[in-house]
Structures are given as structure tokens and as C-alpha cells.
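Student: Could we go through this structure together? I would like to learn how its labels are earned.

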Amino acid sequence: MSDCIFCKIVNGEIPADKVYETKNVLVFKDINPVAPVHYLIIPKEHIVSLSESDENHKELLAEMLLTASKLGKDVPELENNYRLVISTGPKAGQVVMHMHFHLIGGRELGWPPG
Ligand code: 5GP
Ligand code: ZN
């Protein structure tokens, strides 16, 4: 998708503070963090949102979740305490229409979220 900001990050057209990367998944720091740790876990493939995913994305979605689990262990500030947020659709607050998991932690998190 030529006008997608996250595709541009994947392609290196705009810079991002990358944290972790595999063949299919990229993790980078959110430009406007809401907590000491605020990463975005995205598929390199352009998928609009979780609602656009299907059976063909089983392995990719599993890899994204396992990436969160790995970072939860590996990033010292997280200590296996974090929240994954997957805003799906504009009414749920999704602004960037390239699927992403927010990985948020490094402080006490309240509930319910806004
Ligand atoms: P959404 O509201 O769609 O769930 O989340 C989009 C997130 O992407 C926001 O938290 C926003 O701060 C982040 N974001 C938007 N543009 C950029 C960018 O160019 N670089 C980075 N690193 N994060 C971005
Ligand atoms: Zn995209």
C-alpha cells in the first residue's frame, strides 16, 4: 500500500525506532508513547485490521502474539507485565489502517482503558 505509513516504515521509506524484526513481523517504538514501553507489533504484509484477517493468517497472528510474549520476557522494564491492545475499526480508535498490536507496559496500568 503506497500511502500506508506503516508500509513505509516496513519499506524503510520513513524512519522508525526498530526493536525486533523477523521475515514477517516488525516491532518498533510508538512515536507517541503512553507508557515507558509502548511498542507496535505489525505484520510486514499490509493487512488493514484484525477484522480483515482470516484462516490464511493463522501463523502470522500466532507469530505476532508469540513476539509479544518474547518481548515480555526479554525487555527488562516489562517483567512479563504488559497489555496488548488491538484497536479494530475507527469506532474502536484505530487510526492507522494497517493492523498493529500495541504492547504497553513499564508502569501500573489502570482498568478500564479509555
Ligand atoms: P491506532 O490509534 O491506530 O491504534 O494506533 C496508531 C499508533 O501509531 C498511535 O499510537 C501513533 O502514535 C502511532 N504512530 C502513528 N504514526 C507513526 C509513525 O510515523 N511512527 C511511529 N513510530 N508511530 C506512529
Ligand atoms: Zn500498510
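Tutor: Gladly; here are your questions with the values and definitions behind each label. This is a predicted model, where local features need pLDDT of at least 70, side-chain atom pairs count only at pLDDT 80 or more, and totals for chains, interfaces and linings use all residues. Residues are numbered from 1 along each chain as its sequence is written, chains are lettered from A and ligands numbered from 1 in the order in which they are written, and side-chain values use heavy atoms, without hydrogens and water.

Student: What makes strand 1 and strand 4 edge strands of the sheet?

Tutor: The open sheet has five strands in the order 1-2-3-5-4, with antiparallel pairing. Strand 1 (18–21) and strand 4 (82–85) each have a single partner strand, so one side of each has no neighbour in the sheet. On average, neighbouring strands are turned by 20° against each other, direction ignored. Strands here are DSSP runs of E with at least two residues, helices are runs of H or I with at least four, and both are numbered from the N terminus.

Student: How do you know that strand 4 and strand 5 pair?

Tutor: Two strands pair if DSSP finds at least two bridges between them. Four bridges join strand 4 to strand 5 (residues 101–105), and the two run antiparallel, so the rule is met. As an example, V85 has H102 of strand 5 as its bridge partner.

Student: Why is K91 called exposed?

Tutor: Exposed means over 50% relative accessible area, buried means under 20%, and partly exposed lies in between (1.4 Å probe, protein chains only). K91 has 91% relative accessibility, so it counts as exposed. This residue sits in the loop between strand 4 and strand 5.

Student: Why are S87 and H100 called buried?

Tutor: S87 has a relative accessible area of 18%, so it is buried. H100, with 6%, is buried too. S87 and H100 both belong to the loop between strand 4 and strand 5.

Student: What is H100 in contact with?

Tutor: Contact means heavy atoms within 4.5 Å. Leaving aside neighbours within four places in sequence, the contacts of H100 include F6, L40, V85 and Q94. For S87, with the neighbours within four places again left aside, they are A92, G93 and Q94.

Student: What makes the link between D30 and ligand 1 a polar contact?

Tutor: A polar contact is a pair of N or O atoms within 3.5 Å; within protein, one must be able to donate a hydrogen and the other to accept it, and residues adjacent in sequence count only if both atoms are side-chain atoms. A polar side-chain atom of D30 lies 2.5 Å from an oxygen atom of ligand 1, so the pair fits the limit. A backbone N or O atom of K29 also lies 2.9 Å from a nitrogen atom of the ligand.

Student: What is unusual about E79 and the bond from W111 to P112?

Tutor: Most residues other than glycine have a negative phi, and most peptide bonds are trans. E79 is not a glycine, yet has a positive phi of about 45°. The peptide bond from W111 to P112 is cis, with omega near 5°. E79 lies in the loop between helix 2 and strand 4, and N80, in that loop, has a positive phi of about 60°.

Conventions
Axes are lines fitted to C-alpha atoms, for helices over the stretch in contact, and angles run from 0 to 180 degrees between N-to-C directions.
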